[in-house]
Amino acid sequence: MKNTRNQILMPVIFALLVVLGIFIGRNFMPAPSGKGNPLMIYPQTSKLDALMDHIVNEYVDTVDREAIEESIIPEILKELDPHTVYIPAKDLLKVNEELQGNFGGIGVQFSMQDDTVLVISVISGGPSEKVGLLPGDRIVMVDDSIIAGKNIDSNEVMKRLRGEMGTQVKVGVVRRPSAEIIPYTITRGSIPMYSVDVSYMVEDNIGYIKVDRFAQTTYQEFLTALAKLKANKCEKIIVDMRGNSGGLLDIAIQMCNEFLASKELIVYTEGKSQPRQDVYANGAGSCQDTKVIVLIDEFSASASEIFAGAIQDNDRGLVVGRRSFGKGLVQQQIPLPDGSALRLTVARYYTPSGRCIQKPYDNGIEDYYHDFYNRLQHGELFNKDSIEFDESLAFKTKTGRTVYGGGGIMPDVFVPRDTTVITDYFVSLRSNGIIYRYALQYSDNHRQELEQLRTAAAISKKLESNGMMADFLAYAKDKGVKFNKEQFEISKVLIKQEIKAYIARNIIDNEGFYPIIHEVDEVFIKALEEARNL
């Protein structure tokens with residue numbers, strides 16, 4: 001009987017409370033100034049949702065909710081770590097291109113010369129080669145619009161030439177010595193973005209591979225480079241990771257596997273919501289008996305540090321250069337409903353000895369990315385003894401050598417920056433792009449004779465004997481760089497070598513550039529010396 005009475009009274013009491021609430025709201029609360037109801041509590045899943053609802057519905061002026069959210073999200077992520085980032089939908093395709101290894105384009109490498117697009121090289125088998133474009137051509141029109149002499153930068157040129165695969169773009173080309181515009185219609189296709197810059201034999205049994213980043217195609221490119229060197233009886237390999245800011249973790253693991261024996265630890269990852277995962281070599285690598293040297297510098301980060309750390313901690317080879325960047329965080333890319341994405345740090349990675357090489361970021365993102373300048377001021381790039389290690393972060397390699405965590409990979413062989421040949425005159429030439437621009441002009445003016453030469457050595461020899469330097473100095477002076485004889489004599493060898501290297505790149509790509517520039521590359525020279533002694 002009691003339960004029955006409660007069942008009857010409870011709905012009546014609830015209805016009376018609702019009526020009372022409405023009465024109080026209408027008679028005792030301030031009158032609303034707008035269409036919103038001041039008693040309204042918006043449906044919400046968080047304080048941020050409630051805040052945005054109130055701003056959109058109650059703010060005095062109309063606001064763009066999406067624009068506010070786009071600006072707020074990066075600010076929120078700044079409270080985390082430096083590598084958790086938000087990628088707007090409009091930028092996602094471009095960001096992913098570097099990791100996917102291809103994009104829709106016409107297949108040329110170009111540079112801007114005197115406000116004109118100059119084709120440096122045409123990708124073999126690409127859309128432009130199929131219709132007949134040649135190195136040295138000048139693209140002066142795109143889709144019936146003149147682009148020459150319009151002060152259009154290279155980013156705008158790329159934007160106009162790139163597009164969805166299968167679509168067409170019309171270009172107008174001027175080919176010396178004629179001034180006539182030649183029309184071409186090019187169907188955009190998949191253009192490979194190579195991440196292995198070059199591989200070549202340095203000496204009879206020593207090979208060299210330069211890896212620029214870790215993209216989806218990098219492992220296959222790396223295998224091709226290894227096969228090429230092995231076919232030339234390569235017994236020792238210098239793997240250059242300098243300037244390599246990282247990329248895909250799985251690719252770095254696959255590349256490490258080529259050098260390590262079965263069951264040797266490559267890397268492990270661990271995070272709050274990510275249980276420890278160990279990754280071991282499977283023993284199927286093609287270079288387990290090949291001696292290896294890894295080159296790193298202050299710009300080598302993430303996946304390149306995984307590679308160097310695995311080689312170092314397993315005492316598999318030598319690491320040569322300068323202390324690496326220090327990125328030991330693993331990101332997962334999470335797609336968002338509007339086509340944007342969040343790259344969220346979900347774990348830390350550890351080298352086989354147990355090192356986390358992530359450098360501190362407690363002082364904020366700005367200080368984190370100014371670390372290079374801090375190293376510069378402390379003299380680290382020039383003196384190994386200026387680097388202080390935290391003894392609490394000491395670890396042991398496979399054979400018992402001491403290595404340190406807490407901020408990058410310290411090389412086994414430290415090579416300081418050589419500033420003895422760097423003068424103000426040289427810096428002025430480089431900062432004004434004089435060396436690069438002269439090399440571009442020289443290549444263009446002498447293309448026919450230079451294209452008869454197919455090796456870096458042949459191009460270098462040709463340039464050594466033709467009085468090129470006098471022409472260069474006149475060019476530099478004409479471009480506003482005042483000649484300094486004393487400083488020129490100090491920097492002359494470096495200046496000449498850079499000019500020759502850039503000219504060779506314009507003719508035979510990186511197979512021309514690297515063998516020439518390596519002659520004045522102090523880290524490479526030291527690595528070659530070490531390789532000879534392995």
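Strand β12 has both of its faces covered: K236, I238 and D240 on one side are buried, and so are I237 and V239 on the other. Keep in mind as you read that this is a predicted model. The strand covers residues 236-240, and five of its five residues are buried. That makes β12 a good place to begin our walk.

What does β12 pair with? One partner is strand β11, residues 206-211, which pairs with β12 in the parallel sense over five bridges. If you want to find this pairing in the structure, look for K210, which stands opposite D240 in β12. Another partner is strand β15, residues 291-296, which runs parallel to β12 and is joined to it by five bridges. Here you can look for two pairs of residues: V239 has V294 in β15 as its bridge partner, and K236 has K291 in β15.

Let us stay with D240 for a moment. This residue sits in strand β12. Is D240 buried or exposed? Its relative accessible area is 2%, and anything under 20% counts as buried, so D240 is buried. Leaving aside neighbours within four places in sequence, D240 is in contact with Y208, I209, K210, V211 and L295.

Now step back to see the whole sheet. Strands in a sheet pair through backbone hydrogen bonds, and they can do so either parallel or antiparallel. In this open sheet, six strands follow the order β10-β11-β12-β15-β16-β21, with mixed pairing. Its edge strands are β10, residues 196-201, and β21, residues 413-414, each of which pairs on one side only. How does the chain get from β11 to β12? Helix α7, residues 218-231, belongs with these two strands, and together they make a right-handed β-α-β unit.

Next, let us look at the nonpolar cores. In soluble globular proteins, nonpolar side chains tend to be buried together. The largest nonpolar core here has 46 residues, and L429, F472, I495 and I499 have the most contacts inside it. Helix α17, residues 485-508, gives the largest share of this core, with nine residues. Apart from this core lies another, of 39 residues, and among its members are I209, A225, I237 and I296. You have already met I237, one of the buried residues of β12. To picture the packing in the largest core, try F472: not counting residues up to four places away in sequence, F472 touches L429, I434, I435, Y438, I495 and I499.

A loop can hold a buried residue too, as L133 shows. This leucine lies in the loop between α5, residues 127-131, and β5, residues 138-142. Its relative accessibility is 2%, so L133 counts as buried. Which residues surround L133, leaving aside its neighbours within four places in sequence? The contacts of L133 are V108, V122, S128, I139, V173, R175, Y184 and I186. F259, by contrast, is 126 residues away from L133 along the chain, and the C-alpha atoms of the two are separated by 41 Å.

Helix α3 lets you try a small calculation. The helix holds 13 residues, 65-77, and at 1.5 Å a residue it should span 18 Å; its end C-alpha atoms are 19 Å apart, which agrees. At the N-terminal end of α3, D64 acts as a cap: one of its side-chain oxygens lies 3.1 Å from the backbone nitrogen of E66.

Finally, let us visit some backbone exceptions. Most residues other than glycine have a negative phi, and most peptide bonds are trans. Where does a cis peptide bond turn up? A cis bond joins R176 and P177, with omega about 5°. P177 lies in the loop between β7, residues 168-174, and β8, residues 181-187.

Positive phi values appear in loops as well. D144 is not a glycine, yet its phi is near 70°. This aspartate is found in the loop between β5 and β6, where β6 covers residues 145-146. With a relative accessible area of 62%, above the 50% cut-off, D144 is exposed. K263 is also not a glycine, and it has a positive phi of about 70°. K263 lies in the loop between α8, residues 249-257, and β13, residues 265-271. Its relative accessibility is 69%, so K263 counts as exposed.

Conventions: Residues numbered from 1 in each chain as written. Predicted model: local features only at pLDDT ≥ 70, side-chain atom pairs only at ≥ 80, totals over all residues. Heavy atoms only, no water. Core = buried A, V, L, I, M, F, W, Y, C linked by side-chain atoms within 4.5 Å. Buried < 20%, exposed > 50% of the residue type's maximum accessible area, 1.4 Å probe, protein only. Helix = DSSP H or I, 4+ residues; strand = E, 2+ residues; numbered from the N terminus. Contact = heavy atoms within 4.5 Å. Expected span 1.5 Å × (residues − 1). Polar contact = N/O pair within 3.5 Å; in protein donor to acceptor, adjacent residues only side chain to side chain. Pairing = 2+ DSSP bridges. Right-handed = clockwise from strand over helix to strand, strands pointing away.
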